Amino acid sequence: MNNHSTSEYSEAYIALGANLGDRERSLREALALLDSREGIEVTRCSRVYETDPVGYLDQPKFLNMAAALRTSLEPECLLSIMLETENHLGRVRHIPNGPRTVDLDLLWMEGRRLDSAHLTLPHPRMMERAFVLFPLNDIVPQDETSGLRQLVDDALKKLDGEDGITLWTADVLGGGSGLSAN
Ligand SMILES: Nc1ncnc2c1ncn2[C@@H]1O[C@H](COP(=O)(O)OP(=O)(O)OP(=O)(O)O)[C@@H](O)[C@H]1O
Ligand SMILES: Nc1nc2c(c(=O)[nH]1)N=C(CO)CN2
């Protein structure tokens with residue numbers, strides 16, 4: 001526990017994306033680093049998808065996935081650990097929506113709505129992004145009660161289709177990471 005913790009645990013959902021360097025390794029290491037931090041436990045991981053770039057098109061394809069965390073941290077503290085993790089794995093910001101070794105977005109935290117200079121929750125663009133919704137759909141339980149399941153179902157119905165998204169079949173989380181999909 002540290003000064004930023006509360007005694008309660010919450011469920012949080014994050015999105016991960018990588019399109020530079022060893023993409024599988026970046027995803028695996030990001031999850032392992034988060035899981036190693038006090039107050040964060042990675043509880044479920046989605047499957048991994050290879051996705052065409054959205055927004056800034058002249059860049060390599062991404063690997064995208066999502067994970068559920070059990071955390072005792074306040075959202076701002078969780079986000080700052082996520083940003084530290086991105087930096088640790090060599091992320092450099094050059095172009096908005098551009099290539100990155102790893103990108104970690106905080107999508108949703110049970111019962112939390114925020115709109116500050118540094119953090120907006122739920123993530124404002126998550127419901128329009130197939131590269132977020134497909135992975136999230138893998139890990140949000142049918143009986144999830146905070147409203148996320150309904151939002152994901154509604155958003156998936158509005159998507160155009162599955163263009164530009166394929167399942168990545170390699171065992172990204174294997175290799176002794178202690179993490180597994182779903
Ligand atoms: N829910 C959130 N998750 C992650 N970052 C957020 C969130 N809300 C606000 N931010 C802020 O957004 C800043 C920029 O994030 P980043 O550079 O990763 O954006 P991006 O991944 O390129 O674009 P996008 O936010 O559309 O995914 C972060 O430094 C963070 O302070
Ligand atoms: N396919 C794909 N496209 C993107 C992604 C991403 O993770 N996957 N992230 C972006 C900025 O967050 C912009 N575009």
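Okay, let's start at ligand 1: strand 5 gives the most to the shell around it, with three residues. Helices and strands here are DSSP runs numbered from the N terminus, helices being H or I with at least four residues and strands being E with at least two. Helix 2 (75–88), strand 5 (103–109) and strand 7 each put at least two residues into that shell. There are 14 residues around ligand 1, and Asp105, Leu106, His118, Thr120 and His123 come nearest. To be clear on "around": a residue is near a molecule if its C-beta atom, placed from the backbone, lies within 6 Å of it. By class, the shell of ligand 1 splits into six nonpolar, four polar and four charged residues. The classes go like this: Ala, Val, Leu, Ile, Met, Phe, Trp, Tyr, Cys and Pro are nonpolar, Asp, Glu, Lys and Arg are charged, and the others, Gly among them, are polar.

Before I go on, some housekeeping. This is a predicted model, where local features need pLDDT of at least 70, side-chain atom pairs count only at pLDDT 80 or more, and totals for chains, interfaces and linings use all residues. Residues are numbered from 1 along each chain as its sequence is written, while chains are lettered from A and ligands numbered from 1 in the order in which they are written.

How confident is the predictor? The model scores ipTM 0.96 and pTM 0.92. Mean pLDDT for the chain (that's the predictor's confidence in each residue, from 0 to 100) is 90, with 91% of residues reaching 70 or more. Residues 1–6, though, have pLDDT below 50, and that stretch makes eleven contacts in the model beyond near neighbours in sequence. A contact means two C-beta atoms, placed from the backbone, within 7 Å. Where pLDDT is low, the predicted coordinates should not be read in detail.

On to ligand 2. The residues surrounding ligand 2 are Gly17, Thr51, Asp52, Pro53, Val54, Gly55, Phe62, Asn64, Asn97, Asp103 and Phe131. That shell divides into four nonpolar, five polar and two charged residues.

Let me pick out Asp103 from that list. Asp103 sits in strand 5, and is it buried or exposed? Asp103 counts as buried, with 20 C-beta neighbours inside 10 Å. The cut-offs: buried is 20 or more other C-beta atoms within 10 Å of the residue's own, exposed is 12 or fewer, and partly exposed is in between, with C-beta atoms placed from the backbone. Setting aside neighbours within four places in sequence, Asp103 contacts Gly17 and Glu86. Gly17 is 86 residues away along the chain from Asp103, yet their C-alpha atoms are separated by 5.0 Å.

Thr51 and Phe62 from the ligand 2 list take us into the sheet pairing. Phe62, in strand 4, is the bridge partner of Thr51. Strand 3 (residues 48–51) pairs with strand 4 in the antiparallel sense over three bridges, where pairing takes at least two DSSP bridges between the strands. Another partnership there is Glu50 with Leu63 of strand 4. Strand 3 also runs antiparallel to strand 8 (residues 165–168), joined by four bridges, with Tyr49 opposite Leu167. Strand 4 pairs antiparallel with strand 2 (residues 40–45) too, over five bridges, and one of the partnerships is Glu41 with Arg70. So how enclosed is strand 4 (residues 62–73)? Ten of its twelve residues are buried, so strand 4 is largely enclosed by the rest of the structure.

Now the helices. Helix 3 is also largely enclosed, because eight of its ten residues are buried; among them is Phe131, which we met around ligand 2. Helix 1 (residues 23–36) has 14 residues and reaches 20 Å from first C-alpha to last, close to the 20 Å expected at 1.5 Å a residue; the expected span is 1.5 Å times one less than the number of residues. Its buried residues include Leu27, Leu31 and Leu34. In helix 4 (residues 148–158) we find Arg149, partly exposed with 16 C-beta neighbours inside 10 Å. Arg149 contacts Val140, Gln142 and Glu144, leaving aside neighbours within four places in sequence.

Last, two loop residues. Ala117 lies between strand 6 (114–115) and strand 7, and is exposed with 5 other C-beta atoms within 10 Å. Pro122 is in the loop between strand 7 (120–121) and helix 3 (130–139). A cis peptide bond joins Leu121 to Pro122, with omega about -5 degrees. For context, most peptide bonds are trans.
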